[in-house]
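Reader: I am new to this structure and would like a close look at a single part of it. Could you choose one helix, take me through it with care, and then show me what lies around it?

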Amino acid sequence: MKRITFLFLCFIALTGCQQNFEQTDMIPTGFDQEIERLLSTMTLEEKIGQMNQITGDYGQVSEGLREAVRKGRIGSLINEVNPDVIREIQRIAREESRLGIPLLIGRDVIHGFKTIFPIPLGMAATWDSSICVRAAQVAAVEAASVGINWTFAPGVDICRDPRWGRVAESPGEDPYLASVIGRAMVLGFQGSDLSRPKTIAGCAKHFAGYGAAEGGRDYNTTNIPENELRNIFLPPFKACIDAGVSTVMSGFNELNGVPCSGNSYLMNTILKGEWGFRGFVVSDWESLPQMINHGFSRDIKEAALAGITAGIDMDMVSGIYPGILPDLVEEGSVPIRLIDDAVRAILLLKFQLGLFENPVHPVDSFPALANEAHQKIAQEAATKSCVLLKNTDQILPLNPNQPATILVTGPMADDAYEQMGTWIFDGEEKFSVSFMQAVRNQISRPFKVEYLPGLEYSRDENVASFASVRQAAQKADYILAFLGEESILSGEAHSRASIGLPGKQTELLSLLAQAGKPLITVILAGRPLTLEKETMLSDALLYAWHPGNMAGPALVDIIFGKANPSGKLPITFPKEVGQIPIYYNHKNTGKPATPETYTPIMDIPRRAVQYSLGNTSHYLDAGYTPLFPFGFGLSYTTYTYEAPQLSTDTIQLGSAVDLNVTLTNSGSREGEEVVQVYLQDPVSSITRPVKELISFQRVRLKAGETKTLTFSIHTDQLSYYYPEKGQMTEIGEYFFFVGGNSQTNLQANLYVKER
Ligand code: GLC
């Protein structure tokens with residue numbers, strides 16, 4: 001039964017259909033008898049030991065760790081990656097402890113273990129679930145090879161604020177795209193059978209609303225009304241649950257006044273109740289005692305009580321469960337049922353992983369770390385993640401066979417470490433290839449490359465070498481400027497109040513522009529940056545995020561034309577930080593701005609009277625549109641869309657309609673386009689966004705080729721969560737918009753009537 005259930009979930013994941021798969025408490029897991037037998041023999045201390053995760057000794061096996069494992073005081077180890085240590089710890093657990101229960105070995109394998117892929121925001125920019133599956137599979141194989149069996153990914157925090165450092169780890173601003181990416185990563189990590197040696201358990205995080213931190217400042221308060229919580233922030237978690245993710249992690253943030261790690265509404269009512277989640281919830285790092293800081297718990301006793309009653313099944317490294325829970329059970333504050341339910345869920349995962357039979361597998365039964373095949377997949381991911389934002393007069397791609405001199409400059413052109421991005425605990429620079437390294441390997445005469453960084457690192461303010469850069473620019477035929485952020489400027493606890501290029505990079509770009517040569521700017525960063533001036537200075541602009549190990553070969557292939565960029569933005573790019581939050585799926589408001597109603601600040605007549613300007617929702621000094629919209633990305637070719645056609649203009653609730661989209665590659669070279677389908681419900685009892693992404697397809701077209709794509713759309717996909725009525729589809733008119741980005745206005749209208 002277990003396999004059938006899981007295979008069905010995988011079917012959902014692969015087909016992307018959003019069935020409301022009903023999980024009931026009675027679905028047998030296939031291990032219920034073993035779990036109940038084991039549970040019946042466990043002491044209270046042993047049960048609570050399973051709920052306790054501690055950090056390893058980082059390559060050592062201290063006597064204290066040995067003893068704790070022997071006594072069954074530990075259910076999981078985090079941050080141990082030495083295969084010999086893991087093997088010894090599992091041996092002690094299996095052979096020297098009373099019950100022989102193996103450990104979960106957890107590690108953040110966020111975008112690769114040894115083979116480092118683009119940061120999750122870059123993976124989202126591929127809009128390609130298949131490459132996300134394959135990347136997660138590679139990460140799982142490499143992590144499993146050292147004995148890791150659990151990772152704390154995918155992160156599916158919706159983020160509308162690029163000041164937030166962890167936007168780098170997010171799938172962006174849209175719930176549908178985030179759901180597709182999250183599902184794909186769960187499938188890649190877990191496969192169809194967790195007991196297989198090359199799979200690891202996943203963890204959907206951070207439940208929930210963490211990306212809505214006020215001011216984009218990490219760990220800050222989040223206040224999210226029910227309709228936003230249900231329609232924007234929760235769907236990617238539900239998608240991961242439906243795809244069978246094994247665990248969920250609670251967030252550091254407080255949500256609407258209640259810290260996530262003490263939030264029973266989130267974990268008991270929604271996750272385990274409404275959604276029937278049968279896995280377990282792990283707290284984020286010491287987030288249980290942090291509830292004292294939040295002002296939610298008086299002391300660690302109250303924090304432990306709040307955690308266990310709210311649904312935290314395993315405590316990450318704070319140690320308060322073994323110290324506090326026994327007394328709480330003894331005094332009757334915590335019913336033993338809560339402990340038993342937590343232990344059942346933890347034991348279930350250990351059985352599903354096959355740890356009782358094989359807690360570790362021979363290292364030589366796995367492929368080599370960062371091998372050529374893995375790096376090839378990382379290169380494909382890096383190539384697909386790059387987004388071409390500007391390409392004046394088709395200046396790109398460059399022709400490597402043309403006699404020319406290019407100046408390569410900027411702090412990010414030859415930094416194989418920084419390009420890997422945040423959360424690369426196990427990444428190694430020796431496996432990472434920078435652009436300049438790739439150029440040296442791949443580009444030869446008649447093309448001449450001169451390299452002068454100009455700045456040593458992204459925050460560098462030393463302009464001493466600008467004079468020599470200026471001279472080199474005068475002599476070059478093309479200029480390639482590699483700018484962006486060091487990896488430390490994004491990620492956990494690394495939010496920025498201003499999100500322009502750090503250091504003197506903009507000054508460097510201005511100096512390069514003065515040379516009057518074709519100027520191609522490549523950005524490697526962990527977030528959208530405010531680049532209005534830099535975009536204007538550049539003839540071409542390529543956004544590469546932090547592309548991981550294979551940034552260099554991927555960028556050489558794109559810049560010199562071997563690959564055609566196909567990435568699309570998973571998040572809106574603001575013109576300036578004052579516009580944040582700015583996102584595509586915004587509400588229309590009662591006074592929406594239009595070009596006619598907006599007067600740029602410097603066009604306002606002096607002494608203009610109060611009501612002389614359009615009274616609509618915009619900024620006098622920044623307008624109301626982003627620098628680049630969600631879903632945007634150019635190609636070296638062009639795609640021409642016909643107006644979408646519906647198989648019928650009226651359907652009954654509960655049925656489906658075909659939306660046919662015909663597009664032509666009207667350019668001169670083959671390429672891949674991400675055809676996006678957006679919905680608008682113009683009249684709804686709870687107002688809905690002006691556009692909502694509900695489907696997309698990547699399609700490859702030869703030059704001149706025309707294809708018609710069919711999207712089968714069920715009325716369930718038009719649904720919305722209404723606080724009073726739940727998830728449902730209202731009767732009435734719906735608009736579909738189809739195109740290559742969220743600003744498309746190619747429209748088809750549908751009327752949904754009663755059954
Ligand atoms: C960190 C992060 C979380 C990570 C965990 C373990 O603080 O918030 O995403 O998985 O601790 O490293």
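Author: Let us take helix H2, and begin with its outer side: on the face turned away from its buried side, H2 carries the exposed residues Gln33, Arg37 and Ser40. The model is a predicted one, and the description that follows should be read with that in mind.

The helix runs over residues 32-41, and within that stretch Ile35, Leu38 and Leu39 are buried. These three cover an arc of only 100° around the axis, which puts them on the same side of H2. The partners of this buried side are two helices, since the buried residues of H2 pack against helix H3, residues 44-50, and against helix H15, residues 336-352.

One of the buried residues leads further into the protein, for Leu39 belongs to a separate core of 77 residues that also includes Phe233, Cys240 and Met314. In soluble globular proteins, nonpolar side chains tend to be buried together.

That core is the second one, and the largest nonpolar core has 89 residues, among which Phe435, Phe482, Leu555 and Ile559 have the most contacts inside it. Helix H7, residues 129-145, gives the largest share of this largest core, namely 11 residues. If we leave aside the neighbours of Phe435 within four places in sequence, its contacts include Leu480, Phe482, Leu555 and Ile559, together with Gln419 and Gly552.

Helix H4, residues 63-70, can be read in the way we read H2, with Leu65, Ala68 and Val69 as its buried residues. They too cover an arc of only 100° around the axis, which puts them on the same side of H4. Here the buried residues pack against strand E1 (52-55), strand E2 (76-78) and helix H5 (83-96). After H4 comes Gly72, whose phi is positive, near 70°.

To finish, we can return to H7, which packs with helix H16, residues 372-385, at an angle of about 145°, their axes being 10 Å apart. The crossing of these two helices, H7 and H16, is left-handed. On the H7 side the meeting residues are Ile131, Arg134, Ala135, Val138, Val141 and Glu142, and on the H16 side they are His374, Ile377, Glu380, Ala381 and Lys384. Taken by kind, the residues of the contact between H7 and H16 divide into 6 nonpolar, 1 polar and 4 charged.

Methods: Residues are numbered from 1 along each chain as its sequence is written. This is a predicted model: local features need pLDDT of at least 70, side-chain atom pairs count only at pLDDT 80 or more; totals for chains, interfaces and linings use all residues. Side-chain values use heavy atoms; hydrogens and water are left out. A nonpolar core is a set of buried Ala, Val, Leu, Ile, Met, Phe, Trp, Tyr and Cys residues joined through side-chain atoms within 4.5 Å. Buried means under 20% relative accessible area, exposed over 50%, partly exposed in between (1.4 Å probe, protein chains only). Helices (H or I, at least four residues) and strands (E, at least two) are DSSP runs, numbered from the N terminus. Contact means heavy atoms within 4.5 Å. The arc is that of the directions from the helix axis to the C-beta atoms. Axes are lines fitted to C-alpha atoms, for helices over the stretch in contact, and angles run from 0 to 180 degrees between N-to-C directions. A crossing is left-handed if the near helix is turned anticlockwise from the far one by less than a right angle, and right-handed if clockwise. Ala, Val, Leu, Ile, Met, Phe, Trp, Tyr, Cys and Pro count as nonpolar, Asp, Glu, Lys and Arg as charged, and the others, Gly among them, as polar.
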